[in-house]
Amino acid sequence: MSICVRSPASIANLGPGFDIMSLALEEPYDEVYMEVSRSGGDDYIRFTGDYQRYLPSDYRATTLYPVIEEFRRITGLDFRVRAIVRKGIKPASGLGSSGTDAAAVAYALNKLLNTDLDPRFLIRIAALGETAAAGVPHMDNVAASLLGGLIIINPVTGDFVKVEVPNNYWFVVVLAGSKASTGEMRRLLPSAIDMRDFKNNLAYASILVYSLITNNREMLSKALMGDSIVEPIRIKYYPHYGIVKETLLKAGAIGVALSGAGPSLFGVFDSEPPRDHINELLRKNGLRDYVLIITKPTNTGTKEVSCN
Ligand code: HSE
């Protein structure tokens with residue numbers, strides 16, 4: 001029994017929505033070929049593509065492994081997995097690379113083992129994969145990669161909704177710099193916050209969703225750049241933040257924020273972004289070694305594709 005699935009990258013947080021919001025992107029994406037059998041021996045997991053070198057060689061250290069183990073636990077079946085992951089998403093870049101693979105594997109095993117688990121359950125299982133990458137499970141990236149669209153999720157209860165995103169936005173992602181790890185970038189954050197900041201972020205997260213679907217440019221801009229809790233702490237570790245933000249705003253972005261825990265930043269545009277102009281400005285401002293991705297949101301999450 002085998003299957004091939006494609007799972008999209010995602011942008012978590014979107015400014016004020018730390019751990020509760022994430023948006024799936026048309027590109028980049030990862031593709032996973034997966035086979036299950038009853039033969040003995042170890043699982044076999046291999047990464048291919050340009051980013052293969054960033055991934056652990058021990059399959060037990062990958063984000064796929066906790067997901068596979070959880071399926072063994074809940075089904076009581078002793079199966080073996082053979083998986084090949086074609087990485088299109090750069091690991092540790094802020095595009096939910098680890099969550100994408102965990103989502104792909106959860107989707108694939110759900111099909112191959114005929115477990116028929118509902119999305120809420122699959123999100124919880126896929127989030128276990130994030131433990132391998134971040135030390136603690138977080139559900140935002142995996143939920144968007146699994147289901148597509150803009151996901152708003154309550155990480156305390158697992159309740160979530162999917163908001164279909166209109167087709168008139170472009171997202172520019174600038175992959176630059178590096179981060180210690182998502183786990184490190186989470187450990188920097190306070191365990192308690194001021195009520196004022198709570199109200200600010202709650203208001204802007206709500207405004208963000210409403211203004212995104214009603215095309216309220218002014219409010220979308222304020223909301224995307226309105227986080228007063230998480231981003232102000234993390235950006236101290238990203239020297240490229242100011243240059244990229246200023247460049248994207250100058251090039252016409254409605255708003256700019258860190259993508260997930262960084263180091264990438266994204267800008268939201270309501271007309272086709274001027275690629276050459278953005279590259280020219282980034283270089284003029286001294287940014288080297290970056291990758292510019294121009295993409296769109298997608299309302300399609302993980303899906304089956306033909307294997308070639
Ligand atoms: N919400 C998570 C964080 C996303 O900001 O730590 C990590 O990709």
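Student: Where does Pro263 sit?
Tutor: In this predicted model, Pro263 is in the loop between strand E8 (255-258) and strand E9 (265-269).

Student: And what kind of peptide bond joins Gly262 and Pro263?
Tutor: A cis one, with omega of about 5°. Another cis peptide bond joins Glu27 and Pro28, where omega is about -5°.

Student: Which element holds Pro28?
Tutor: Pro28 belongs to strand E2.

Student: What about phi at Leu14?
Tutor: Leu14 is not a glycine, yet its phi is positive, about 50°. You'll find Leu14 in the loop between E1 and E2. As background, most residues other than glycine have a negative phi, and most peptide bonds are trans.

Student: Thanks! Switching to domains: what does the domain assignment give?
Tutor: The protein chain is assigned a domain 1, covering 2-163, and a domain 2, covering 170-295. Their C-alpha centres lie 24 Å apart. The contact takes 26 residues from domain 1 and 31 residues from domain 2.

Student: How much area is buried between domain 1 and domain 2?
Tutor: About 2,200 Å², with carbon and sulfur atoms giving 68% of that area. The size of an interface is often given as the accessible area lost when the parts come together.

Student: How many salt bridges are there between domain 1 and domain 2?
Tutor: The count between these two domains is 1 salt bridge. Have a look at Asp19 and Arg186 too: they form a salt bridge in which the closest N and O atoms are 2.7 Å apart.

Student: How many residue pairs are in polar contact between domain 1 and domain 2?
Tutor: That count is 7 residue pairs, with both residues at pLDDT 80 or more.

Student: Which elements give two or more residues to the side of domain 1 that touches domain 2?
Tutor: They are strand E1 (2-12), strand E2 (21-37), helix H3 (119-134) and strand E5 (150-153). E2 gives the most to that side, with 6 residues.

Student: And how do the residues on that side of domain 1 divide into nonpolar, polar and charged?
Tutor: On the side of domain 1 that touches domain 2, 17 are nonpolar, 5 are polar and 4 are charged.

Student: New topic, disulfides. How many are there by count?
Tutor: The count comes to 1 disulfide. Cys4 and Cys307 form a disulfide, with their sulfur atoms 1.9 Å apart.

Student: Is the disulfide of Cys4 and Cys307 right-handed or left-handed, and why?
Tutor: The torsion about its S-S bond is about 120°, so the disulfide is right-handed.

Student: What parts does that pair tie together?
Tutor: Cys4 lies in strand E1, while Cys307 lies in the segment after strand E11 (303-304), so the pair links parts that are 303 residues apart in sequence.

Student: Back to salt bridges, how many does the count come to?
Tutor: The count comes to 17 salt bridges. Asp43 and Arg72 are one pair whose side chains meet in a salt bridge, at 2.6 Å from N to O.

Student: Where do Asp43 and Arg72 lie?
Tutor: Asp43 lies in the loop between E2 and strand E3 (44-48), and Arg72 in helix H1 (residues 64-75), so this salt bridge ties together parts that are 29 residues apart in sequence.

Key:
Residues are numbered from 1 along each chain as its sequence is written. This is a predicted model: local features need pLDDT of at least 70, side-chain atom pairs count only at pLDDT 80 or more; totals for chains, interfaces and linings use all residues. Side-chain values use heavy atoms; hydrogens and water are left out. Domain bounds come from an automatic or database domain assignment. Contact means heavy atoms within 4.5 Å. Buried area is the accessible area (1.4 Å probe) that two parts lose on being put together, summed over both. A salt bridge is a side-chain nitrogen of Lys or Arg within 4 Å of a carboxyl oxygen of Asp or Glu. A polar contact is a pair of N or O atoms within 3.5 Å; within protein, one must be able to donate a hydrogen and the other to accept it, and residues adjacent in sequence count only if both atoms are side-chain atoms. Helices (H or I, at least four residues) and strands (E, at least two) are DSSP runs, numbered from the N terminus. Ala, Val, Leu, Ile, Met, Phe, Trp, Tyr, Cys and Pro count as nonpolar, Asp, Glu, Lys and Arg as charged, and the others, Gly among them, as polar. A disulfide is a pair of cysteine sulfur atoms within 2.5 Å.
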